[in-house]
Amino acid sequence: MDKWNTRATIKNTTFFSTFFDKTKEGKTFLSYRMKRWIVVISIHLLFFLSFAIDIQALEGTLNGSRFLGFHLIDPFTTIQVFLSTYHMPINVIIGTSTIVLFYIFIGGKTYCSWVCPYGIISEIGEKIHNTLINKKIIKERKFDHRIRHVFWFMFLIMAATSGYLVFETFNVVGILSRFITYGWSLALGWVLVVFLIEVFFSRRAWCTYVCPIGTTYGYIGKVSALRVQWNDNCDHCMVCHDVCFENQVLDLTKAKYDKQREEKGIKTQYVTGADCTLCGRCIDVCHADALKFDFRLKGLV
Ligand code: SF4
Ligand code: SF4
């Protein structure tokens with residue numbers, strides 16, 4: 001991807017080219033997208049190998065696992081379990097606390113882009129979706145992303161009133177995670193339906209409007225120490241907006257805030273929106289070196 005000589009938007013770059021980035025001098029290096037894909041695939045390879053040949057490194061699925069003996073439990077699963085059984089085993093408390101603490105440091109929704117297997121499938125769907133829009137085969141449809149909070153409550157109310165983890169029937173993340181570890185099931189048909197909705201109906205609809213797992217990590221991410229940091233090299237080209245499916249968090253890149261910033265002498269700002277998945281796509285495409293990852297607590301380390 002040559003962001004220095006072309007406007008590297010989601011529409012005019014090939015999917016393959018987004019796995020590599022270039023310095024101004026033309027040196028090629030791995031983009032954050034490539035690094036994320038390597039991390040997601042490695043995590044799931046560990047799940048698979050731990051079950052298939054018993055290497056016992058990462059046992060279980062994304063709902064609940066053991067990494068080298070340490071319990072790790074997805075926080076949304078924990079809330080559902082508690083509401084449906086009114087019981088909280090000690091291992092679940094330990095596993096959930098470990099995950100919550102981890103994501104407070106490295107960013108709540110980091111899970112969505114660096115761990116979730118559906119995330120990378122959704123990125124492929126996003127590319128096909130945008131190509132179809134470009135060719136005017138389909139229309140772009142956007143809804144209010146805050147609907148995800150309604151889904152979050154709805155799935156919890158269902159767990160509390162039915163005594164079952166109702167969301168797990170629809171959970172594309174859990175279905176994929178179980179498929180990778182234990183083998184295929186008919187539930188994969190639902191994953192295909194969601195994928196097709198994202199391709200033909202609305203860009204990254206599951207992640208943007210529905211997934212309560214991502215929403216829970218978003219709540220944790222409000223206090224995250226790892227952030228994307230913007231600086232005033234920015235020329236407001238808006239390419240970062242184009243590639244980000246949660247681009248409401250990149251509002252600060254708009255020129256209209258410059259006057260306010262100049263008056264206050266502000267040269268850098270953090271992307272603080274809880275919806276940022278720290279995927280690094282905006283950093284990959286920024287041609288002005290105006291974005292980077294920054295650890296807010298580095299002064300304390
Ligand atoms: S941060 Fe970079 S990509 Fe985003 S508007 Fe500014 S210059 Fe463009
Ligand atoms: S702001 Fe950047 S890092 Fe955050 S979700 Fe958007 S593209 Fe990814």
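Student: What is the relative accessible area of Lys-292?
Tutor: In this predicted model, only residues with pLDDT of at least 70 are used for local features and 80 or more for side-chain atom pairs, while totals for chains, interfaces and linings use all residues. Numbering starts from 1 along each chain as its sequence is written, chains are lettered from A and ligands numbered from 1 in the order written, and side-chain values use heavy atoms, without hydrogens or water. Lys-292 counts as partly exposed, a class between buried (under 20% relative accessible area) and exposed (over 50%), with a 1.4 Å probe and protein chains only. Its relative accessible area is 40%.

Student: Which residue forms a salt bridge with Lys-292?
Tutor: A salt bridge puts a side-chain nitrogen of Lys or Arg within 4 Å of a carboxyl oxygen of Asp or Glu. For Lys-292, the closest N and O atoms of the pair are 4.0 Å apart. The partner is buried, at 5% relative accessibility. That partner is Asp-294.

Student: How many residues apart are Arg-36 and Glu-123?
Tutor: These two form a salt bridge, and their closest N and O atoms are 2.7 Å apart. Arg-36 is buried at 1% relative accessible area, and Glu-123 is buried too, at 4%. Arg-36 sits in helix 1 and Glu-123 in helix 5 (residues 117-134), so the pair links distant parts of the chain, with a separation of 87 residues.

Student: Why are Arg-261 and Asp-258 separated by about one helical turn?
Tutor: They make a salt bridge with the closest N and O atoms 2.9 Å apart. Arg-261 is buried at 5% relative accessibility, whereas Asp-258 is partly exposed at 24%. The separation is about one helical turn because, within helix 13 (residues 258-264), they stand three residues apart.

Student: How many salt bridges does the rule count?
Tutor: Some of them join up: Lys-109, Arg-148, Glu-246 and Asp-275 are linked in a network of salt bridges. By the rule, the count comes to 15.

Student: What is the phi of Gln-56?
Tutor: Gln-56 lies in the loop between helix 1 (32-52) and strand 3 (58-60). Gln-56 is partly exposed, with 45% relative accessible area. Although it is not a glycine, its phi is positive, at about 55°.

Student: Which residue in the loop between strand 4 (64-67) and strand 5 (70-73) has a positive phi?
Tutor: The residue is not a glycine, yet its phi is about 50°. With a relative accessible area of 56%, this residue is exposed. Its name is Leu-68.

Terms used. Helices (H or I, at least four residues) and strands (E, at least two) are DSSP runs, numbered from the N terminus.
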